[in-house]
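Visitor: I should like to learn how to read the features of a structural model. May we begin with the contacts?

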Amino acid sequence: MIRRDLFNLFSGREAPDAPRPWAPYELVTFLPDEEVRAALVQTGLCHGRDEDLAFVKAAIGGTAFAKSIDLRRHGTQLDKATLKAMNVRPTAMLTAEYLAILTPAGLADPLEAAQTLTSAYLGQIAVTNSLGRAEHAGVEFVEVIPNNMAAGACAACLKLAEKPVPIAEAPKGPLPECPHPEQCVIRSRSILI
Ligand SMILES: [Zn+2]
């Protein structure tokens, strides 16, 4: 084995195979707006307008352990009469600002919607970090694992699973062409060579 320090000393240059200095992977805590928008809109529960993104980021952005209640309690709490009129239990934590981000489908069950939206948001960050960490460690390709939720894998998902996908192109969330995006759980496995 060549002593790299001696090689450098005598040759006056870096050894050709000198490893790059190691740096830890830096966790992502915020995502680009367009990724947040896609993740929220695909649930069918949130409008995904700029003001909706701003609301979600203010309520649960930057918190690794955000809970759905953080989304529901951001803003001004609705009074009991309003909650009753909405058929929601009077002790529920719900704000007018939170309701404003919801589509009619979201308004049909705002408590459940908060759960789904929070999972979608945090899931997007988690996938970004797991792919980012793998890429940081030198992984170049991933193998897509087709969705195993009740709705089953969609055609787009099965196609992606056919051959290794460059890590930069690995899907981070439901596929845009998926007919059941609320159940499109795309995962992938690093290919180590
Ligand atoms: Zn799908």
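Guide: Contact means heavy atoms within 4.5 Å. In this chain, among contacts between residues at least 6 apart in sequence, 59% join residues at least 24 apart. This is a predicted model, in which local features need pLDDT of at least 70, side-chain atom pairs count only at pLDDT 80 or more, and totals for chains, interfaces and linings use all residues. Residues are numbered from 1 along each chain as its sequence is written, and side-chain values use heavy atoms, with hydrogens and water left out.

Visitor: How many helices and strands does the chain have, and in what order do the elements run?

Guide: Helices (H or I, at least four residues) and strands (E, at least two) are DSSP runs, numbered from the N terminus. Here there are nine helices and three strands. Read from the N terminus, the order is α-α-α-α-α-α-α-α-β-α-β-β.

Visitor: What does the radius of gyration of the chain come to, beside that of a compact globule?

Guide: The radius of gyration is taken over C-alpha atoms, and the globule rule is 2.2 Å times the number of residues to the power 0.38. For 193 residues a compact globule would have a radius near 16 Å, but this chain has 22 Å. Along the principal axes, the C-alpha atoms fill a box of roughly 80 × 35 × 25 Å.

Visitor: How are the strands ordered in the sheet?

Guide: Strands of a sheet pair through backbone hydrogen bonds, either parallel or antiparallel. Two strands count as paired if DSSP finds at least two bridges between them. In this model, three strands form an open sheet in the order S2-S1-S3, with antiparallel pairing. Strand S2 (165-166) and strand S3 (187-191) are the edge strands, each pairing on one side only.

Visitor: Which residues stand opposite one another in S1 and S2?

Guide: Strand S1 (residues 141-145) pairs with S2 over two bridges in the antiparallel sense. Val142 has Val165 of S2 as its bridge partner, and Phe141 stands opposite Pro166 in S2. S1 and S3 also run antiparallel, joined by five bridges. Towards S3, Ile145 stands opposite Arg187.

Visitor: What share of the residues is buried, and how is single-residue burial to be read?

Guide: Buried means under 20% relative accessible area, exposed over 50%, and partly exposed in between (1.4 Å probe, protein chains only). Buried residues make up 35% of the 193 residues in the chain. Gln124, in helix H8 (residues 110-136), is one case: Gln124 is buried because its relative accessible area is 9%. Beyond residues up to four places away in sequence, Gln124 touches Leu31, Glu35, Ala39, Lys172 and Gly173.

Visitor: Is Thr103 buried or exposed?

Guide: Thr103 lies in the loop between H6 and helix H7 (104-107), and it counts as buried because its relative accessibility is 13%. Residues up to four places away in sequence aside, Thr103 touches Gly44, Leu45, Cys46 and His47.

Visitor: What may be said of the loop between helix H5 and helix H6, where Asn87 is placed?

Guide: Asn87 lies in the loop between helix H5 (80-85) and helix H6 (96-99). Although not a glycine, Asn87 has a positive phi of about 65°. Asn87 counts as exposed because its relative accessibility is 73%. Thr91 lies in the loop between H5 and H6 as well, and Thr91 is exposed, with a relative accessible area of 62%. The C-alpha atoms of Thr91 and Lys80, 11 residues apart along the chain, are separated by 7.4 Å.

Visitor: How far apart in space are Thr63 and Asp17?

Guide: Thr63 and Asp17 are 46 residues apart in sequence and 40 Å apart in space, C-alpha to C-alpha. Thr63 is in the loop between helix H3 (50-60) and helix H4 (68-72), and is partly exposed at a relative accessible area of 38%.

Visitor: Which residues is Leu107 in contact with?

Guide: Leu107 lies in helix H7 and is partly exposed, with a relative accessible area of 39%. Its neighbours within four places in sequence aside, Leu107 is in contact with Leu99 and Leu102. Leu107 and Tyr121, 14 residues apart in sequence, are 18 Å apart in space, C-alpha to C-alpha.
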